[in-house]
Amino acid sequence: MTNDCITILVVDDENVPRMLRCLILQKQGYKIVAADSGKRALQLLAEGGIDLVLSDQMMPSMTGTELTRAIKAIRPAMPVILISGVNEIPADANCADRFISKVGGPDLLFETVGEVLAAYGHTL
Amino acid sequence: MNDHDLANILMVDDQPGKLMSYEAILGTLGENLIKARSAREALDHLLRNDIAVVLMDVSMPEIDGFELAEMMRQHPRFQKTAIIFISAVHLTDVDRIKGYRSGAVDYISVPVIPELLRAKVSVFAELHRKNRQLERLNSELEKRVEERTAQLRENEDLLRERADLLELATEAIIVRDMNGSILYWNSGAEALYGWRREEILGKPVHEVLQTRFPAEFNAIQAELHQTGQWEGNLTQITCDGHEVVVACRKALKADGNAILEINRDITAQLKTEEALRKTERLAAMGRVAGIIAHEINNPLEAITNTFYLLRDHPSLDDEARYYAKLGEEELLRVAHITRQTLGFYRESRHPVPISISGLLDEILELQMRRMEFSNITLEKHYRNTGTIQGFPVELKQVFLNLIGNAAQAMPEGGTLRLHVFESQGRRSRTGAVCISICDTGTGIAPDNAKHLFEPFFTTKSTKGTGLGLWISKGIVQKYGGSIRFRSLSRAGRNVTCFQVTLPDVDLQKIKEPAFASMTVPAEDMAGDSDDQ
């Protein structure tokens with residue numbers, strides 16, 4: 001695995017799901033930074049060192065797509081993947097690079113992360 | 001006798017004495033006596049008054065009696081005016097004849113016998129009066145006839161206008177007698193039921209139309225006779241065997257010997273309402289599914305991730321790892337079912353490569369239990385995967401309809417055959433994927449065949465919306481493809497085949513999903529390829 005040079009920012013307001021998502025990605029070798037809100041994510045992003053953002057869609061103060069637009073406004077080249085447990089895709093879902101279902105399982109998540117990183121020129 | 005009925009008697013003589021004696025003789029008649037001293041004066045009176053009889057002296061200076069009579073006869077108004085000549089000089093046969101030729105009606109010789117003169121004048125006055133009365137009556141009669149004719153013409157116009165208006169109505173307007181025989185059948189009825197007026201007049205309406213009433217016929221008749229009207233929906237059969245539902249209003253004619261029926265076709269309306277109810281139900285189900293999805297999918301992800309971490313955790317011994325493996329496998333089943341039912345139902349925005357055979361297998365998996373239950377044997381002949389560019393939800397909708405219909409056509413069991421093969425189009429560059437779905441079910445009646453792709457057409461009276469094939473055809477056509485079917489019956493066995501041809505067209509041509517707002521539960525969005 002050569003993922004250890006990649007840092008992923010995982011955003012989710014729910015602690016347990018966020019922690020588990022962080023753990024499985026860590027197991028794949030990624031470095032992980034976690035945030036419990038969009039606001040906190042933007043702060044961490046400003047500090048630098050993030051290669052990809054993986055955010056939940058349904059969050060109370062700032063939704064995944066709102067966060068995505070905020071990120072893309074200041075860092076257009078920052079890849080963003082949204083993950084959702086709801087069965088409806090928001091109308092503006094395409095502001096993110098990918099929008100995936102939580103029930104796709106770990107394999108779908110790893111595959112998507114890999115594809116998006118490759119699209120942004122990160123060679124693994 | 002009132003003034004109006006007085007006859008004007010004109011007496012013409014150049015000698016005032018004679019005029020006075022005539023006046024004395026005729027005074028007792030009580031008529032209106034007018035005196036003229038000359039023919040000119042006489043003409044003046046004639047023009048101004050309606051004269052009943054002219055009493056004139058034959059010999060007068062300037063214009064004599066015969067000349068005056070001649071002048072009168074030339075005027076149409078005086079042609080029939082009675083003239084009595086009085087003559088003392090020309091008392092010869094020749095003169096008499098001359099007098100009559102000029103149109104005189106009588107002749108009195110001098111000396112005048114008063115009784116005779118009175119009698120003659122009186123007869124003419126009476127005759128004139130009678131003529132006048134007759135004329136008045138005649139003109140009155142004519143006027144009344146004219147008025148009545150105008151009235152009749154007006155009524156006729158009104159009736160014709162009303163009849164034309166009845167013909168304009170799109171409702172079927174039917175009048176029948178108390179035995180049910182049709183007396184009137186407008187063009188709205190012709191259009192609705194397909195029966196021409198001349199074919200159906202005189203026939204029993206409810207027998208011909210095979211009417212099914214919402215209540216006992218006797219109860220309807222009773223209400224009609226009690227209140228004079230009845231309203232309700234009737235189910236009837238048209239000339240070409242179609243079932244229609246009509247909103248019917250019946251009214252009993254005042255004299256109680258005819259019934260007016262106004263029927264409006266509400267078949268399509270009912271079907272639309274039914275389809276709408278189903279759509280609303282689907283939308284409500286979608287909302288519920290959305291809430292459930294959120295509550296189930298979130299913990300499900302967490303548990304799945306937990307088992308992923310547990311899978312080869314170094315602290316576990318073989319037994320614990322075996323249990324974790326069992327748990328993970330069971331969890332996969334839950335994840336699979338949620339993906340099918342609570343996964344994304346909105347379509348992705350861009351067409352993606354779709355394996356038709358993979359798509360068919362997914363659908364078959366959903367239908368498997370029903371097919372096993374109905375004792376249906378499945379034969380798959382996939383010559384290749386049949387990959388085309390498209391939107392998975394739409395194509396899934398097409399084949400779910402076709403496979404679902406095929407399965408429903410075989411409640412007593414049968415064989416479902418699926419073929420997938422790629423064919424080369426006439427233009428060398430483009431290929432196409434052909435999919436055929438054949439069943440050995442109940443078959444398609446020739447009458448139904450031509451309506452198969454019409455919206456709201458269904459043979460599953462309560463179970464179907466009648467939209468499935470219509471929507472499917474719309475989707476297939478959007479892909480530039482075709483959908484055809486054949487239903488054969490040989491030796492008591494039916495084979496019905498639907499064949500869908502989907503060309504592998506240019507990606508750019510399909511930019512938008514055909515029915516973007518369709519809320520059909522379906523698989524995850526593009527990119528989810530974990531179970532292929």
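Two strands count as paired if DSSP finds at least two bridges between them. The model treated here is predicted.

**Exercise 1. The five-stranded sheet**

Task: Determine the strand order of the open five-stranded sheet in chain B, and find which strands stand at its edges.

Solution:
- Step 1. Trace the pairings. The order is β7-β6-β10-β9-β8 of chain B, and the pairing is antiparallel.
- Step 2. Look for strands with a single partner. These are β7 (182-185) and β8 (229-237) of chain B, so each has one side without a neighbour in the sheet.
- Step 3. Add the twist. Neighbouring strands of this sheet are turned by 25 degrees against each other on average, direction ignored.

**Exercise 2. The β8 edge**

Task: Describe how β8(B) pairs with β9(B), and state which helix lies across the two strands.

Solution:
- Step 1. Count the bridges. Nine of them join β8(B) to β9 (residues 243-252) of chain B, in the antiparallel sense.
- Step 2. Pick out one bridge. B:Trp230 has B:Lys250 in β9(B) as its partner.
- Step 3. Place the helix. α9 (residues 217-227) of chain B lies across β8 and β9 of that chain. Its angle to β8(B) is about 145 degrees.

**Exercise 3. Two nonpolar cores**

Task: Which residues have the most contacts inside the largest nonpolar core, and which element gives the most to it?

Solution:
- Step 1. Take the core of 34 residues. B:Ile356, B:Phe399, B:Ile403 and B:Ile437 have the most contacts inside it.
- Step 2. Assign elements. α12, α13 (392-408), β14 (414-424), β15 (431-439), α15 (468-478) and β17 (493-503) of chain B each supply at least two residues. α13(B) gives the most, with nine residues.
- Step 3. Follow one residue. Beyond its neighbours within four places in sequence, B:Phe399 is in contact with B:Leu359, B:Leu360 and B:Ile363.
- Step 4. Separate the other core. Another core, of 32 residues, lies apart; among its members are B:Tyr22, B:Met72, B:Ile83 and B:Ile86.

**Exercise 4. Positive phi outside glycine**

Task: Locate B:Glu62 and B:Asn375, and decide for each: buried or exposed?

Solution:
- Step 1. Recall the background. Most residues other than glycine have a negative phi.
- Step 2. Read the angles. Phi is positive at B:Glu62, about 60 degrees, and at B:Asn375, about 65 degrees.
- Step 3. Locate them. B:Glu62 is in the loop between β3 (51-57) and α3 (65-74) of chain B. B:Asn375 is in the loop between α12 (356-373) and β12 (376-382) of chain B.
- Step 4. Apply the cut-off: 12 or fewer other C-beta atoms within 10 Å means exposed. B:Glu62 has 10 such neighbours, so it is exposed. B:Asn375 has 11, so it is exposed.

Definitions and conventions:
Residues are numbered from 1 along each chain as its sequence is written. Chains are lettered from A and ligands numbered from 1 in the order in which they are written. This is a predicted model: local features need pLDDT of at least 70, side-chain atom pairs count only at pLDDT 80 or more; totals for chains, interfaces and linings use all residues. Helices (H or I, at least four residues) and strands (E, at least two) are DSSP runs, numbered from the N terminus. A residue is buried if 20 or more other C-beta atoms lie within 10 Å of its own, exposed if 12 or fewer, and partly exposed in between; C-beta atoms are placed from the backbone. Axes are lines fitted to C-alpha atoms, for helices over the stretch in contact, and angles run from 0 to 180 degrees between N-to-C directions. Two residues are in contact if their C-beta atoms, placed from the backbone, lie within 7 Å. A nonpolar core is a set of buried Ala, Val, Leu, Ile, Met, Phe, Trp, Tyr and Cys residues joined through C-beta atoms within 7 Å.
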